[in-house]
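Hi there,

Here is the structure I promised to pass on to you. Have a look at it first, and my notes on what turned up follow just below.

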Amino acid sequence: MNKKYSKKSLKPECTLMCPKEEYDMRIKFNMVNSLEKFVNNSKIEYNLVKEYGRPAAGKITKSNELRTIDTLLKTTNYLIREVYTRQNFDYVSRYEFIFDRLRSVRQDMVIARYNSEKSNKIHEIILCFYLLADYKLCTSNKYDEFINFQHVKEVLNIIVSSPFCTKKSWFYSVYLLMNLKNLKSANQVLKVWKDISLEYPLDECISLCKAYLNRNYVRIFKIYKNLPLLCQLAFHRRIPEIETEMIKIMNVAYSFKNSKYSVENFLKITLFNGRHSLEKYEEKNLLAIDKDNNILFAKHHSQNDINNIRERFDFIDYKLADITEVDFILESYDV
């Protein structure tokens, strides 16, 4: 093995959130993010966090640039407790800043080959941040859902394969919900995870999976409403796909003369927030609503997949209003 990549030469030595060399360079060239500036007694102070940098050919990582695992855990907690809560900045700006700095944290963990309880804890915090931010920004046109999803999958795969994960039923539940359409059956999951007991919330997620395989959409939505917040956030991005599937089936089942379905009854068995939510699908020509507030299903309606109609749900917002988001991200999954 080349000496410059040996474990000894790459032993992390940095105990600062931002290595001194980068700190000095960014201060000198005024490359400081607004979220890294603080005013104290009319004086500007800096609290920099190491930026993410793409690996460059021939660049050698120095030991004094690589943060220790304790420093990475401290940095992760700082980003959530101190930066995430800065309400004088808009949520998108906070998300983009924290996303970049957490990406740098993950990069250091990969280079240093950390694999411990602390590294697993960091990944769990990052995953919860990704999922919560995805829900809160799901209607924003400034948010890149695809990039978020790619990072969620990467972090989740690390967590479920880690021997240090102590809450496997929770994160296996997240994995199952996010890969629902790619799994043939709940039994297939159980064979892979046969050493995991069917405890809450995995048992409920298995039931939701079986309901999906049977195309029992009413049961899917009923189970989903009663899942813990972590699982609801994980499955939220799949809801438009499920709703679109259901509407397509109903377009065939109720496609006959004088067939009408009350909007009021339809809202009772689905997750739509109201008629205004259905109108988004009407605009996409997936269904039609008459002046008497009835849905007119028909085979001639669009059969295209529509996955970009996301909305927040009242029952999730009520949960978020009753908790501290920081506590949820850092440690509380069972809400």
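Lys284 lies in the loop that links H13 to strand S4 (288–289). This is a predicted model, so please read everything here in that light. Lys284 counts as partly exposed, because its relative accessibility is 39%. Along the chain Lys284 and His301 are 17 residues apart, and their C-alpha atoms are separated by 9.2 Å.

H13 (275–283) also appears in the surroundings of helix H11, which seems a good place to go next. H11 covers residues 239–253, and with 15 residues at 1.5 Å a residue it should span 21 Å; the C-alpha atoms at its ends are 21 Å apart, so expectation and model agree. Is H11 mostly covered or mostly open? Twelve of the 15 residues of H11 are buried, so "covered" is the word. Among them are Ile239, Pro240, Ile242, Met246, Ile247 and Met250, and the list also includes charged-type names such as Glu241, Glu243, Glu245 and Lys248. The cover over the buried residues of H11 includes helix H8 (202–213), helix H9 (217–225), helix H10 (229–236), strand S3 (261–262) and helix H12 (263–269), besides H13.One fix to what I wrote above: please ignore "charged-type", which was my own label, and simply take Glu241, Glu243, Glu245 and Lys248 as buried residues of H11.

On to the aromatic residues. The structure holds 19 aromatic pairs. In one of them, Tyr84 and Tyr91, the ring centres are 5.6 Å apart and the planes stand at 85 degrees, so the pair is edge-to-face. Tyr84 and Tyr91 are both buried. Tyr95 and Phe99 make a tilted pair, because their centres are 5.6 Å apart and their planes are at 45 degrees. Tyr95 and Phe99 are four residues apart in helix H3 (residues 91–112), which means about one helical turn separates them. In general, an α-helix has 3.6 residues a turn, so residues three or four places apart point the same way. Tyr95 is buried at 8% relative accessibility, and Phe99 is buried too, at 10%.

Which residues form one cluster with these rings? The aromatic cluster is made up of Tyr84, Tyr91, Tyr95, Phe99, Phe129, Tyr130 and Tyr143. Tyr91 has a charge over its ring as well: the charged end of Lys136 sits 5.1 Å from the ring centre. Elsewhere, the charged end of Arg215 sits over the ring of Tyr212, at 4.3 Å from its centre.

How many disulfides does the whole structure have? A search finds zero. Cys18 is in no disulfide, and the nearest cysteine sulfur, that of Cys14, is 7.8 Å away. Cys18 is buried, with a relative accessible area of 3%, and Cys128 is buried as well, at 0%.

Finally, the chain as a whole. The chain has 15 helices and five strands, and 50% of its 335 residues are buried. Of the contacts with a separation of 6 or more, 72% join residues 24 or more positions apart. About 17,400 Å² of the chain is exposed, with carbon and sulfur atoms supplying 49% of that area.

Best wishes

How values were computed: Residues numbered from 1 in each chain as written. Predicted model: local features only at pLDDT ≥ 70, side-chain atom pairs only at ≥ 80, totals over all residues. Heavy atoms only, no water. Disulfide = S-S within 2.5 Å. Buried < 20%, exposed > 50% of the residue type's maximum accessible area, 1.4 Å probe, protein only. Helix = DSSP H or I, 4+ residues; strand = E, 2+ residues; numbered from the N terminus. Contact = heavy atoms within 4.5 Å. Areas by Shrake-Rupley, 256 points an atom, 1.4 Å probe, with all protein chains shown as cover. Expected span 1.5 Å × (residues − 1). Phe/Tyr/Trp six-rings, centres within 6.5 Å; stacked < 30°, edge-to-face > 60°. Lys NZ or Arg CZ within 6 Å of the ring centre and 35° of its normal.
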